[in-house]
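Q: Please take one part of this fold and look at it closely, following it outward to whatever pairs with it and packs around it. A connected account, with the cut-offs behind each term, would suit me best.

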Amino acid sequence: MAKKKYYVVWKGHQSGVFDSWDECKKQVEGYKSPEYKSFPDLETAKYAFEKGSEDFLVKKPHPFKMIMDGLYGQPVVPSISVDGACSGKTRLAEYQGVDTETYTVVFKAGPFVDATSNIMEFLALVHALAFCKQKGLDDVPIYSDSVNAMKWVKAKKTGTKLEKTEHNQPVFELITRAEKWLQKNTYANKILKWETQTWGEIPADFGRK
């Protein structure tokens with residue numbers, strides 16, 4: 001006997017949590033770009049619906065640009081890609097790491113107040129290194145499109161000129177933790193530059209350009 005499943009529809013004719021595929025199907029059939037997914041229990045389904053689709057659905061990857069394939073080839077997989085973003089209006093910032101091949105979110109943090117994209121990129125790289133070390137993924141490369149963040153990781157210290165305030169104190173605490181981690185730990189993972197002009201936006205991109 002098949003196990004009971006619950007279906008979350010984030011985007012459809014009607015959004016919500018449904019207890020059968022037939023009900024879910026009614027909401028997504030004929031709807032342009034629906035967002036939905038099945039879950040093994042009602043509690044998880046309700047949580048996912050409230051949380052939103054971003055953390056539960058795999059993004060559709062954009063095609064790689066092959067014009068310069070002879071020079072750069074294709075991205076190495078398996079690998080992790082990281083990115084950071086900061087809104088110029090709200091000053092809210094966040095970062096994430098995703099599976100380069102499937103675009104599945106591996107980790108995500110934020111929002112943080114009054115930070116910079118470079119800081120988020122740096123924290124994302126260190127988070128990815130710590131994640132790989134914890135999981136025993138020493139042979140998994142990590143992609144970043146931030147030259148500054150890569151330099152900071154190599155130097156084991158940020159070069160940010162951001163002024164510390166009462167609002168961004170949590171960000172500076174994370175920076176201190178990240179710098180200490182780099183100083184106390186070694187890692188075998190290669191940190192590679194994501195070639196945006198050839199491959200398109202990095203898979204972890206927040207799509208806010």
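A: Strand β4 (residues 80-86) is joined by 7 bridges to strand β5 (residues 92-99), and the two run antiparallel. Here strands are DSSP runs of E with at least two residues and helices are runs of H or I with at least four, each numbered from the N terminus, while two strands pair if DSSP finds at least two bridges between them. The model is a predicted one, in which local features need a pLDDT of at least 70 and side-chain atom pairs count only at pLDDT 80 or more, whereas totals for chains, interfaces and linings use all residues. Residues are numbered from 1 along each chain as its sequence is written, and side-chain values use heavy atoms, with hydrogens and water left out.

Within the β4-β5 pairing, Ala85 has Glu94 of β5 as its bridge partner. The two strands form a hairpin with 5 residues between them, and in that turn Arg91 takes a positive phi of about 65 degrees. β4 also pairs with strand β7 (residues 142-144), this time in the parallel sense and over 2 bridges; Ile80 has Ile142 of β7 as its bridge partner. How much of β4 is covered? The strand is mostly covered, with 6 of its 7 residues buried, where buried means under 20% relative accessible area, exposed means over 50% and partly exposed lies in between, for a 1.4 Å probe and protein chains only.

These pairings belong to an open sheet of 5 strands in the order β6-β5-β4-β7-β8, in which the pairing is mixed. Its edge strands are β6 (105-113) and β8 (191-193), each of which pairs on one side only. From one strand to the next the twist averages 20 degrees; axes are lines fitted to C-alpha atoms, for helices over the stretch in contact, and angles run from 0 to 180 degrees between N-to-C directions.

Helix α4 (residues 117-135) packs on this sheet and touches β4, β5, β6, β7 and β8, with its direction making about 150 degrees with that of β4; contact means heavy atoms within 4.5 Å. Helix α5 (residues 147-155) also packs on the sheet, where it touches β7 and β8 and makes about 155 degrees with the direction of β8.

Aromatic rings give a further view of how β5, β6 and α4 meet. A search of the whole structure finds 10 aromatic pairs, counted for rings of Phe, Tyr and Trp (its six-membered ring) with centres within 6.5 Å; planes under 30 degrees apart count as stacked, over 60 as edge-to-face and the rest as tilted. The rings of Tyr95 and Phe107 have centres 6.2 Å apart and planes at 70 degrees, so this pair is edge-to-face. It links distant parts of the chain, since Tyr95 is in strand β5 and Phe107 in strand β6, 12 residues apart. Tyr95 and Phe107 are buried.

Phe107 makes a further pair with Phe131, with ring centres 6.3 Å apart and planes at 50 degrees, so that pair is tilted. Because Phe107 lies in β6 and Phe131 in helix α4, the pair ties together parts that are 24 residues apart in sequence. Phe131 is buried, as is Phe107, and the two join Tyr95 and Phe112 in one aromatic cluster.

The chain also contains an open sheet of 3 strands in the order β2-β1-β3, with antiparallel pairing. Its edge strands, β2 (16-18) and β3 (35-39), each pair on one side only, and its twist averages 20 degrees from one strand to the next. Strand β1 (residues 6-11) is joined to β2 by 3 bridges, and Val8 has Val17 of β2 as its bridge partner. Helix α1 (residues 21-28) lies across β1, β2 and β3 at about 10 degrees to β1, and α2 lies across these three strands at about 5 degrees to β1.

For the setting of both sheets, the protein chain has 7 helices and 8 strands. Of its 209 residues, 39% count as buried, and among contacts between residues at least 6 apart in sequence, 63% join residues at least 24 apart.
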